[in-house]
Amino acid sequence: MSDPRQQHAPDEQHEQHAPHDDGYSGAATLVTDGAELAVTVELRGHFQPIDGRYRWYGRLAADPEVTRLCGGRRASVTLRTPHGQAPAEAADPDPWGRYRVTGTGTPPFRTAGTRPPGM
């Protein structure tokens, strides 16, 4: 008997699990305490109808420089991507050293409701 999850391409699986989530994967710049660091991020977000806010979250790829800047504790940061920038909080590194980032409000990536520049 085959696994039904293997019958779909990876993109189709993502659509099945999170059809309303927006996101961004790729290069970004982490800014904290006046220092800037090139990082790789995986971000997702969605509108939360209960409180009427857009909430976004994700992980920074493991990087010893991120660990040095954040020092294993919660840190206020700014994330900058090719689509924008937003204040966030970096905290809770997982066992692989990837920090979780969270933010509320306009995310540093395009969403389904974002207009392209110049419109």
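Which residue in β2 does Gly23 stand opposite? The answer is Arg44, and this pairing leads into the architecture of the protein as a whole. The model is a predicted one, in which local features need pLDDT of at least 70, side-chain atom pairs count only at pLDDT 80 or more, and totals for chains, interfaces and linings use all residues. Residues are numbered from 1 along each chain as its sequence is written, and side-chain values use heavy atoms, with hydrogens and water left out.

The protein contains 2 helices and 6 strands. Both kinds of element are DSSP runs numbered from the N terminus, helices being H or I runs of at least four residues and strands being E runs of at least two. Along the sequence, these elements appear in the pattern α-β-β-β-α-β-β-β.

The 6 strands close into a barrel with antiparallel pairing, in the order β1-β2-β3-β6-β5-β4. From one strand to the next, the twist averages 40°; the angles run from 0 to 180 degrees between N-to-C directions, and the axes are lines fitted to C-alpha atoms. Two strands are taken to pair if DSSP finds at least two bridges between them.

The pairing of β1 and β2 may be followed residue by residue. Strand β1 covers residues 22-32 and strand β2 residues 35-48, and 11 bridges join them in the antiparallel sense. Asp22 stands opposite Gly45 in β2, while Gly23 faces Arg44. The hairpin of β1 and β2 has 2 residues between the strands, and in this hairpin Asp33 takes a positive phi near 50°.

Strand β2 also pairs with β3 (residues 53-60), to which 8 antiparallel bridges join it. Here Glu42 stands opposite Arg59 in β3. The hairpin of β2 and β3 has 4 residues between the strands, and Gly52 takes a positive phi near 75° in it.

Elsewhere, Asp94 lies in the loop between β5 (84-91) and β6 (100-104). Asp94 has a relative accessible area of 12% and is therefore buried, a term that means under 20% relative accessible area with a 1.4 Å probe and protein chains only. The side chain of Asp94 makes a polar contact with the side chain of Arg98 at 2.6 Å. Such a contact is a pair of N or O atoms within 3.5 Å, where within protein one must be able to donate a hydrogen and the other to accept it, and residues adjacent in sequence count only if both atoms are side-chain atoms.

For the protein as a whole, 30% of the 119 residues count as buried.

Terms used. Buried means under 20% relative accessible area, exposed over 50%, partly exposed in between (1.4 Å probe, protein chains only).
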